[in-house]
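Colleague: I'd like to learn how to read a model like this one, feature by feature. Can we start with strand pairing and go on from there?

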Amino acid sequence: MKGSQKVDVVVIGAGPGGYAAAFYAADKGRKVVLIEQEKRLGGVCLNRGCIPSKAYLHATKMIHEAELSSARGIEFAKPVLKIDKLRAWKESILEKLGGGIQQLAKARGVEVVIGRGVFEDSKILRVETPDGQKFLQFDKAIVATGSKPALPKAFDLGNKRIMTSTEALELEEVPQELLVVGGGYIGMELGTVYASLGSKITLVEAMGSILAGADADLARPVVKYAEKNFKEVRLGAKVSKMSTSGKQIKVHMDFGGKSVDELYDRVLVSVGRTPNCSDIGLQHTKVQRDEKGFIKVDAQQRTSDPNIFAIGDVVGGLMLAHKAAREARVAVDVILGGENQFKDVIVPAVVFTEPEIAWCGVTENEARDKGLAVKVAKFPWGASGRALATDKEGLTKLVVDAESERILGVGIVGAGAGEMIGEGALAIEMGATAFDLANTVHPHPTYGETLMECAEAFYGHATHVYSRKAPAPAPQNA
Ligand code: FAD
């Protein structure tokens, strides 16, 4: 097209998938343009997701720790909440990180265009910028436009007291009575933040358990925390209607065999996310979407259009930043003619609740559902000196192939679970056996040691857990 700029790779969306793809393609010598409709790069993860939620979780955890401290003989006065300052502190972190991404783009020669990208066809992207339209003629495009919170029509009243995670992270006020609809990781994390700040949380979940992806024994300490620190946790409860009632929200729900109408100061709806790809001109390309609207891709992140790849939340699956970043590598490698694919990749999941839960590989539930021949080893943190010295409870477990003794899955609930799960992912990726893990010296006293002792427990001889079971024969040390 006349007047259009030619580029090797155009990436649409500068979230953890998009900027990772753009940087990697530039590192590999390609001329790359990165399109982002928002002023600050970083996507949902940086602006309305991973980072602000973890900043608030960190800040509010201090309140909980200070309360626990009185049992240790150290007492603090009741905290004074300065909400504007807390919000400004969070914002300063986002500014720093967003600026960092911008600088990294510049250093790599990635051209960043602030504007909205829309496909004209399979070769041309139109970018609507504040200064007018720009046309890019690309060799390959990577769609990384992410996702947004789902807000069912029945709840979408245009009332700001009905929040999604986006508004909840703005932390406009601390409502007295807050209803959280959805017991997935976002509802649980943000519920934990608001509970620490003083809101009375009623959490409702339509299914029979919270954090459905996690094994029940891992979720148990989080359920216990929520039952103690939230006003109420209602399982099998279904919210069907909301309406405005003065300065409150009237909510109709069914649970425990009855129907109730209740008033809340605010409601947080965290019931899933929908892809951002209905208005980016995909109808002018050969790209296809599935029945839920996500872009269909193969294991090499190829869409049905040979010139267009897609990565991250917009293709569905596990909607996590590190999964998006890995898909970015796959897409770029394939564009460069490499053989990479997103297959059998171990993607750890972490829920940053109190305590944290993390797992990777095969869960015990999955192993049972698929009829896999596995053995499960568990190490309760009551036997960990580090956990006792820091008042932490937790559990570490391994799902081990019964025959080869290869580690297939790792699950941890407890302080720092998210920091430790990378070791589990490495063990699975490297094909490590329980014996390898049991024979890897871990420093004492650490939470990480529980991984080693859990592997020892698999053989029936964990130092800090007595087992009456006859120990399984372990391979001899070479
Ligand atoms: P996104 O981060 O959604 O980025 C897409 C970008 O594309 C956006 O910046 C958007 O503005 C831009 N865009 C969209 N359309 C266009 C267009 N037409 N033109 C130009 N730009 C466009 N994940 C974790 O791994 N760990 C966590 O702890 C975690 N916590 C979370 C907490 C919350 C509250 C939420 C909501 C999410 C959390 N996530 C977490 C999920 C994580 O944020 C997403 O999985 C991740 O951001 C997806 O990355 P992405 O690159 O696919 O898309």
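Modeller: Sure. Start with E12 and strand E13 (residues 248–255), which pair in the antiparallel sense over 7 bridges. Keep in mind that this is a predicted model.

Colleague: What do strands of a sheet pair through?

Modeller: Strands of a sheet pair through backbone hydrogen bonds, and the pairing is either parallel or antiparallel. For a concrete bridge here, take Ser243: its partner in E13 is Lys250.

Colleague: What is the strand order in that open sheet?

Modeller: The order is E12-E13-E14, 3 strands with antiparallel pairing. E12 and strand E14 (258–264) are the edge strands, each pairing on one side only. Ignoring direction, neighbouring strands of this sheet are turned by 20 degrees against each other on average.

Colleague: On to pockets. What volume does the largest pocket have?

Modeller: About 1,300 Å³. The lining comes to 47 residues, and the closest to the pocket centre are Gly184, Tyr185, Ala212, Gly213 and Leu318.

Colleague: Which elements each supply at least two residues of that lining?

Modeller: Among them are helix H6 (185–197), strand E10 (200–205) and helix H9 (364–370). Strand E12 (238–245), which you met in the sheet, is also one of them. By class, the lining has 29 nonpolar, 12 polar and 6 charged residues.

Colleague: And the ligand: how many residues surround it?

Modeller: 40 residues do, with Glu36, Lys54, Gly117, Asp313 and Ala321 the closest. For polar contacts, look at distances between N or O atoms. An N or O atom in the side chain of Glu36 is 2.7 Å from an oxygen atom of the ligand. The backbone takes part too: a polar backbone atom of Gly17 is 2.9 Å from a ligand oxygen, and a backbone N or O atom of Cys45 lies 3.2 Å from a ligand oxygen.

Colleague: Last topic, backbone geometry. Which peptide bond has omega near -5 degrees?

Modeller: The one from Glu354 to Pro355, and that bond is cis. Pro355 is found in the loop between E18 and E19. Another cis peptide bond joins His444 and Pro445, with omega about -10 degrees. Pro445 has its place in the loop between helix H12 (434–438) and helix H13 (449–458).

Colleague: What about phi: is the value at Leu211 positive or negative?

Modeller: Positive, about 45 degrees, although Leu211 is not a glycine. You'll find Leu211 in the loop between E10 and helix H7 (216–229).

How values were computed: Residues are numbered from 1 along each chain as its sequence is written. This is a predicted model: local features need pLDDT of at least 70, side-chain atom pairs count only at pLDDT 80 or more; totals for chains, interfaces and linings use all residues. Side-chain values use heavy atoms; hydrogens and water are left out. On a 1 Å grid over the protein atoms alone, a cavity is a set of points where a 1.4 Å probe fits but cannot get out, and a pocket is an open set with protein on both sides within 12 Å along at least five of seven lines; lining residues have an atom within 4 Å of a point. Grid points are joined across faces, edges and corners, and a volume is the space filled by probe spheres set on the points. Helices (H or I, at least four residues) and strands (E, at least two) are DSSP runs, numbered from the N terminus. Ala, Val, Leu, Ile, Met, Phe, Trp, Tyr, Cys and Pro count as nonpolar, Asp, Glu, Lys and Arg as charged, and the others, Gly among them, as polar. Two strands pair if DSSP finds at least two bridges between them. Axes are lines fitted to C-alpha atoms, for helices over the stretch in contact, and angles run from 0 to 180 degrees between N-to-C directions. A residue is near a molecule or strand if one of its heavy atoms lies within 4 Å of it. A polar contact is a pair of N or O atoms within 3.5 Å; within protein, one must be able to donate a hydrogen and the other to accept it, and residues adjacent in sequence count only if both atoms are side-chain atoms.
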